[in-house]
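I opened this model to look up its fold, its inner space and its ring pairs. My notes follow in the order I checked things.

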Amino acid sequence: MSESAHENEPVRIPDHDLDDLVSTVTQLAAESRKQGETLARLTDEQPPQQDGEQAEPDSAEGATPASAPAGRDGAAAGAEGPSCIFILALDGKAYAEELAGLTVWVHHLLLPVYGREITTGRPWCPQWHEHPEAVARLHALWLAWQQLTDVKASLAGPSSWHRDHLDPALLQLRSPDGPFGACTTSPARPNHRLLASPEPAGV
């Protein structure tokens with residue numbers, strides 16, 4: 001068989017390699033998060049102070065809950081009580097860091113394992129991160145994956161994730177009238193277009 005024929009064959013991942021893939025992706029996501037936290041600390045650092053000079057404390061008026069970094073444990077720095085970890089509730093640096101972790105998971109686990117072929121009945125957009133609905137659905141899917149594939153989850157966790165989270169999410173994301181309905185429907189014709197949303201009443 002010619003080399004070109006081998007190149008066109010779909011990539012198949014043996015079942016026994018999936019555990020290694022999940023472990024690798026989990027490690028990549030953790031490393032990505034750590035890098036994001038390190039970057040956040042570096043960009044927040046004040047310039048070096050001269051000997052005997054004290055840094056001025058931040059004004060309380062300038063600090064808002066939205067600017068406080070939200071951690072995976074659900075607590076925002078300096079805030080009492082749990083903070084929402086859903087990506088649409090984040091902004092600025094916290095949103096960028098969460099999106100970076102989500103992107104690693106989507107590109108290294110979700111698409112290689114569950115991506116399937118792009119067709120008119122199953123569109124996809126390489127610029128999915130510009131579609132708010134796609135970001136919201138993929139992030140919710142990722143959060144559920146983290147919970148249900150954790151070592152502390154029950155043995156039925158992965159099955160529940162497939163049935164209750166993955167399958168419904170992909171049906172919505174990749175349906176012809178979903179968020180990617182005006183985007184790529186053939187790998188040979190990449191396309192990206194944001195569909196207009198309904199205007200709120202009274203606007």
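**Entry 1: Fold**

I counted the secondary structure and got 5 helices and 0 strands in the protein. The model is predicted. Along the sequence the pattern reads α-α-α-α-α.

Next I checked burial. The protein has 203 residues, and 27% of them count as buried. I then looked up the exposed surface. It comes to about 14,000 Å², with carbon and sulfur atoms supplying 54%.

I also looked at contacts with a separation of 6 or more. Residues 24 or more positions apart make up 65% of these.

**Entry 2: Cavity**

How many cavities of 30 Å³ or more does the structure hold? I found 1. I noted a volume of about 40 Å³ for the largest cavity.

I listed its lining: Leu110, Leu111, Tyr114, Gly115, Trp124, Leu170 and Arg174. Helix H3, residues 92-114, gives the largest share of that lining, with 3 residues. I sorted the lining by class and got 5 nonpolar, 1 polar and 1 charged.

**Entry 3: Ring pairs**

I searched for aromatic pairs and counted 4. I started with tryptophan 105 and tryptophan 145. Their ring centres lie 5.7 Å apart with the planes at 50°, so I logged the pair as tilted. Stacked would need planes under 30 degrees apart, and edge-to-face over 60.

Where do the two rings sit? Tryptophan 105 is in helix H3 and tryptophan 145 is in helix H4, residues 132-148. They are 40 residues apart, so the pair links distant parts of the chain.

Are these two buried or exposed? Tryptophan 105 is buried, at a relative accessible area of 0%. Tryptophan 145 has 6% relative accessibility and also counts as buried. The cut-off for buried is under 20%.

I moved on to tryptophan 124 and phenylalanine 180. Here the ring centres are 5.0 Å apart and the planes stand at 70°, so this pair is edge-to-face. Tryptophan 124 lies in the loop between H3 and H4. Phenylalanine 180 lies in the segment after helix H5 (157-173). The two are 56 residues apart, and their pair again links distant parts of the chain. Both tryptophan 124 and phenylalanine 180 are buried.

**Entry 4: Cluster and overlap**

Which residues do ring pairs link into a cluster? I found Trp105, Tyr114, Trp145 and Trp161.

I cross-checked this against the cavity. Tyr114 belongs to the cluster, and Tyr114 also lines the largest cavity. Trp124 lines that cavity and pairs with phenylalanine 180.

Note on methods:
Residues numbered from 1 in each chain as written. Predicted model: local features only at pLDDT ≥ 70, side-chain atom pairs only at ≥ 80, totals over all residues. Heavy atoms only, no water. Helix = DSSP H or I, 4+ residues; strand = E, 2+ residues; numbered from the N terminus. Buried < 20%, exposed > 50% of the residue type's maximum accessible area, 1.4 Å probe, protein only. Contact = heavy atoms within 4.5 Å. Areas by Shrake-Rupley, 256 points an atom, 1.4 Å probe, with all protein chains shown as cover. 1 Å grid on protein atoms, 1.4 Å probe; cavity = no way out; pocket = protein on both sides within 12 Å on 5 of 7 lines; lining within 4 Å. Points joined across faces, edges and corners; volume = space filled by probe spheres on them. Nonpolar A, V, L, I, M, F, W, Y, C, P; charged D, E, K, R; others polar. Phe/Tyr/Trp six-rings, centres within 6.5 Å; stacked < 30°, edge-to-face > 60°.
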